[in-house]
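Here is a short report for a reader new to this structure. Look at the sequence and the model first, then read on.

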Amino acid sequence: MVRVRFCALPNILAGKKLVPEYVQSDATTENLGKAVAHLLTHPKEAETMHRALKALHRVLRCGADRRAARAVITLLSSTKRKKPRSKS
């Protein structure tokens, strides 16, 4: 048996509570609706959660888009330098 503080992936990755967790019998439409209503009526809390999730996203992506673009540019540059062989 393993004991964990959190079960929601954002909370696990952040090591702190970023989002509410509703597990099994707690995951009811009533509880989820109340959580959504709370965020809608408390925009500062919603913005704080949004900023925290955005920061987590930046950490996780690790500049993957830039690395992929550089890899493509490098590949294209190397293929342009190679001259095609002439047929003999």
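The report goes from the whole chain to single residues.

**The chain as a whole**

This is a predicted model. The chain holds 4 helices and 0 strands. Read along the sequence, the pattern is α-α-α-α.

How does the radius of gyration stand against that of a compact globule of 88 residues? The chain has 23 Å, whereas such a globule would have a value near 12 Å. The C-alpha trace spans about 75 × 40 × 25 Å along its principal axes.

Burial can be put in numbers too. Of the 88 residues, 10% count as buried. About 8000 Å² of the chain is exposed. Carbon and sulfur atoms supply 60% of that area.

Contacts give another view of the fold. Take those between residues at least 6 apart in sequence: 32% of them join residues at least 24 apart.

**Asn11, a buried residue**

Asn11 sits in helix 1, which covers residues 9–14. Is Asn11 buried or exposed? Its relative accessibility is 0%, so Asn11 counts as buried. The cut-off for buried is under 20% relative accessible area.

What does the side chain of Asn11 meet in a polar contact? The partner is the side chain of Glu21, at 2.8 Å. Glu21 is also one of the residues that Asn11 touches, leaving out those up to four places away in sequence. The others on that list are Phe6, Lys16, Lys17, Leu18 and Val19.

**A nonpolar patch on the surface**

Helix 1 also has a part at the surface. Leu9, Ile12, Leu13 and Leu60 form a nonpolar patch there. Together these residues have about 390 Å² of accessible area. Which element gives the most to the patch? Helix 1 does, with 3 residues.

Ile12 is one of the patch residues, and it lies in helix 1. Ile12 has 45% relative accessibility, so it counts as partly exposed. Asn11, in helix 1 as well, is buried at 0%.

**Salt bridges**

Side chains of opposite charge can pair when their charged atoms come close. How many salt bridges does the count give? It comes to 2. The table lists them.

| Salt bridge | Closest N to O distance |
|---|---|
| Lys34 and Glu30 | 3.2 Å |
| Glu47 and Arg51 | 3.5 Å |

Take Lys34 and Glu30. Both lie in helix 2, residues 29–41. They are 4 residues apart, about one turn of the helix. Lys34 has 51% relative accessibility and therefore counts as exposed. Glu30 has 52%, so it counts as exposed too. The cut-off for exposed is over 50%.

Now take Glu47 and Arg51. Where do these two residues lie? They are in helix 3, which covers residues 43–61. Because they are 4 residues apart in that helix, about one helical turn separates them. Glu47 has a relative accessible area of 36% and is partly exposed. Arg51 has 47% relative accessibility, so it counts as partly exposed.

**In brief**

The predicted model shows a chain of 4 helices with a radius of gyration of 23 Å. Asn11 is buried and makes a polar contact with Glu21. A nonpolar patch lies on the surface, and the salt bridges number 2.

Terms used:
Residues numbered from 1 in each chain as written. Predicted model: local features only at pLDDT ≥ 70, side-chain atom pairs only at ≥ 80, totals over all residues. Heavy atoms only, no water. Buried < 20%, exposed > 50% of the residue type's maximum accessible area, 1.4 Å probe, protein only. Polar contact = N/O pair within 3.5 Å; in protein donor to acceptor, adjacent residues only side chain to side chain. Contact = heavy atoms within 4.5 Å. Salt bridge = Lys/Arg side-chain N within 4 Å of Asp/Glu carboxyl O. Patch = residues over 30% accessible without salt bridge, like charges linked within 9 Å, V, L, I, M, F, W, Y side chains within 5 Å. Areas by Shrake-Rupley, 256 points an atom, 1.4 Å probe, with all protein chains shown as cover. Rg over C-alpha atoms; globule rule 2.2 N^0.38 Å.
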